[in-house]
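The following exercises concern salt bridges, cysteines, surface patches and backbone geometry. Each task is followed by a solution in steps.

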Amino acid sequence: MKLVTGFFRLLKSVIGWVFVIVFGGVGVYALMDDVTDEPGLVAVCFLLAAVGALLIRSARREKKRAEAQNEEERQYRRTQEERAQSRAEQEKREAVAYVAVECPGCGAVAKIRKGGVARCEYCDTPLEGK
């Protein structure tokens, strides 16, 4: 999609430059010519040259908008990557070893954080993760 919009932006700019050069040149030539040309021709030439200038300006604005949007997307991705990396590092720091503890009341095996305290899910006996 970016390729298509970039192509149309380039096409708009090229058409604008053609209008400015051709119609601006014809308008200036008609003004400088000793032959009294019809003033409507000169006006139309300068009007079409102005249209070309507007096309060029519009293409430049679209390019700036696209560049700003691309920069926002890059910044968003960079922020997301930094957050993901930060979360991964935090998870590594918070990683705690678990130990299997046999319940003295019913003999069930429970998984408990090392150094932590929990209750047996079957008989509610307190368990320590030593």
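Helices (H or I, at least four residues) and strands (E, at least two) are DSSP runs, numbered from the N terminus. The model is predicted: local features need pLDDT of at least 70 and side-chain atom pairs count only at pLDDT 80 or more, while totals for chains, interfaces and linings use all residues. Residues are numbered from 1 along each chain as its sequence is written, and side-chain values use heavy atoms, with hydrogens and water left out.

**Exercise 1. Helix placement and accessibility**

Determine the element in which Ala 53 is found, and classify its accessibility.

Solution.
- Step 1. Ala 53 belongs to helix H2, a helix that spans residues 39-94.
- Step 2. The classes are buried (under 20% relative accessible area), exposed (over 50%) and partly exposed in between, with a 1.4 Å probe and protein chains only.
- Step 3. Ala 53 counts as partly exposed because its relative accessibility is 38%.
- Step 4. The C-alpha atoms of Ala 53 and Lys 12 are separated by 10 Å, with the two positions 41 residues apart along the chain.
- Step 5. A further pair is Ile 15 and Val 51, 36 residues apart along the chain, with a C-alpha separation of 9.9 Å. Ile 15 lies in helix H1 and is partly exposed because its relative accessible area is 36%.

**Exercise 2. Salt bridges**

State how many salt bridges the rule yields, and describe the pair formed by Lys 12 and Glu 62.

Solution.
- Step 1. A salt bridge requires a side-chain nitrogen of Lys or Arg within 4 Å of a carboxyl oxygen of Asp or Glu.
- Step 2. Under this rule the count is two salt bridges.
- Step 3. Between Lys 12 and Glu 62, the closest N and O atoms are 2.6 Å apart. This pair links distant parts of the chain, with Lys 12 in helix H1 (residues 2-32) and Glu 62 in helix H2, 50 residues apart.
- Step 4. Lys 12 is partly exposed because its relative accessibility is 22%, and Glu 62 is partly exposed because its relative accessible area is 27%.
- Step 5. Glu 71 and Arg 74 also meet in a salt bridge, at 2.9 Å from N to O. Both residues lie in helix H2, three residues apart, about one turn of the helix.
- Step 6. Glu 71, at 37% relative accessibility, is partly exposed, as is Arg 74 at 43%.

**Exercise 3. Cysteines**

Explain why Cys 123 is not bonded to Cys 103.

Solution.
- Step 1. A disulfide is a covalent bond between the sulfur atoms of two cysteines. The criterion is a pair of cysteine sulfur atoms within 2.5 Å.
- Step 2. The structure holds zero disulfides. Cys 103 is in no disulfide, and the nearest cysteine sulfur, that of Cys 123, is 3.4 Å away.
- Step 3. The separation of 3.4 Å between the sulfur of Cys 123 and that of Cys 103 is too far for a bond.
- Step 4. Cys 103 is buried because its relative accessibility is 3%, whereas Cys 123 is partly exposed at 32%.

**Exercise 4. Surface patches**

Identify the residues of the positive surface patch and those of the nonpolar patch.

Solution.
- Step 1. Patches are made of residues with over 30% relative accessible area and no salt bridge; like charges are joined within 9 Å and nonpolar side chains (Val, Leu, Ile, Met, Phe, Trp, Tyr) within 5 Å.
- Step 2. Lys and Arg count as positive and Asp and Glu as negative, while His and the chain ends are not counted. The place of a charge is NZ of Lys, CZ of Arg, CG of Asp or CD of Glu.
- Step 3. Arg 57, Arg 60, Arg 61, Lys 63, Lys 64 and Arg 65 form the positive patch. Lys 64 lies in helix H2 and counts as exposed because its relative accessibility is 61%.
- Step 4. The nonpolar patch consists of Leu 10, Val 14, Trp 17, Val 18, Ile 21, Val 22 and Val 26, which together have about 630 Å² of accessible area. Such areas come from the Shrake-Rupley method with a 1.4 Å probe; for residues, only the protein chains shown count as cover.
- Step 5. Trp 17 lies in helix H1 and is partly exposed because its relative accessibility is 42%.

**Exercise 5. Loop residues**

Locate Asp 124 and give its phi angle.

Solution.
- Step 1. Asp 124 occupies the loop between strand E3 (117-119) and strand E4 (126-128).
- Step 2. Its phi is near 65°, a positive value in a residue other than glycine.
- Step 3. Asp 124 is partly exposed because its relative accessible area is 47%.
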